[in-house]
Amino acid sequence: MSEKSIRWFCPTCNDFVSIRKTEELKEKVMQMERLPYPIIIKHGNPPHYTILQLDRDLRDRGRLTTTDYYDLTNEGALEQKGNLAESLDKEQLEKISIELSDIQQKIWQLLDK
Ligand SMILES: [Zn+2]
């Protein structure tokens, strides 16, 4: 392993991109039972993603680039918000609505001072 970085041509950047072959990365890949081991590199502006499939010598054995990334953990948070609103009954919603308008009035009072 003579080179100190993994370098590839990114069609989205239309340029070469590289990451360093750190000891940490090498150790990580060596521990994997199944190779090649895929790693995702977020880079560029606007950000996009290259998936490198690394073999035991940290050579790239197949590469994909995409601009699409879906964060399901974030989607889960939105789902929880929806469930909370659905779980409240009409009385609870009216109470929250009144409290919110009280807060709104206090904000306006503070802004007037
Ligand atoms: Zn790129």
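The exercises below, each followed by a worked solution, concern the fold and backbone of a predicted model.

**Exercise 1. The overall architecture**

Determine how many helices and strands the protein chain contains, and in which pattern they follow one another along the sequence.

Solution. Begin with the count of elements: the protein chain holds 3 helices and 5 strands. Next, place these elements in sequence order, which gives the pattern β-β-α-β-β-β-α-α. Then turn to burial, where 4% of the 113 residues of the protein chain count as buried. Finally, consider the contacts between residues at least 6 apart in sequence, of which 33% join residues at least 24 apart.

**Exercise 2. The sheet of S3, S4 and S5**

Establish the order of the strands in the open sheet, identify the edge strands, and describe how each pair of neighbours is joined.

Solution. The first step is the order, which reads S3-S4-S5 in an open sheet of 3 strands with antiparallel pairing. The edge strands are S3, covering 37-43, and S5, covering 60-66, each of which pairs on one side only. From one strand to the next, the twist averages 20°.

The second step takes the pairs in turn. S3 and strand S4, residues 48-54, are paired in the antiparallel sense over 7 bridges, and within this pair Lys 42 stands opposite Tyr 49 in S4, while Pro 38 stands opposite Gln 53 in S4. S4 and S5 are likewise paired in the antiparallel sense, over 5 bridges, and here Ile 51 stands opposite Leu 64 in S5. As background to these pairings, strands of a sheet pair through backbone hydrogen bonds, either parallel or antiparallel.

The third step concerns the connections. The hairpin of S3 and S4 has 4 residues between the strands, and in this hairpin Gly 44 takes a positive phi near 80°. The hairpin of S4 and S5 has 5 residues between the strands, with Leu 58 taking a positive phi near 60°.

**Exercise 3. Cis peptide bonds before proline**

Examine the peptide bonds from Leu 35 to Pro 36 and from Asn 45 to Pro 46, and state where each proline lies.

Solution. Start with the peptide bond from Leu 35 to Pro 36, which is cis, with omega near 0°; Pro 36 is found in the loop between helix H1, residues 23-31, and S3. Continue with the peptide bond from Asn 45 to Pro 46, which is also cis, its omega being near 0°, and locate Pro 46 in the loop between S3 and S4. That loop belongs to the hairpin in which Gly 44 has its positive phi near 80°.

**Exercise 4. Positive phi outside glycine**

Asn 14 and Leu 58 each have a positive phi although neither is a glycine; locate both residues, and decide for each whether it counts as buried or exposed.

Solution. For Asn 14, phi is positive at about 60°, and the residue is found in the loop between strand S1, residues 5-10, and strand S2, residues 15-20. Because Asn 14 has 7 C-beta neighbours inside 10 Å, and a residue with 12 or fewer is classed as exposed, Asn 14 counts as exposed.

For Leu 58, phi is again positive at about 60°, and the residue is found in the loop between S4 and S5. Because Leu 58 has 21 C-beta neighbours inside 10 Å, and the class of buried residues begins at 20 or more, Leu 58 counts as buried.

Methods:
Residues numbered from 1 in each chain as written. Predicted model: local features only at pLDDT ≥ 70, side-chain atom pairs only at ≥ 80, totals over all residues. Pairing = 2+ DSSP bridges. Helix = DSSP H or I, 4+ residues; strand = E, 2+ residues; numbered from the N terminus. Axes fitted to C-alpha atoms, helices over the stretch in contact; angles between N-to-C directions. Contact = placed C-beta atoms within 7 Å.
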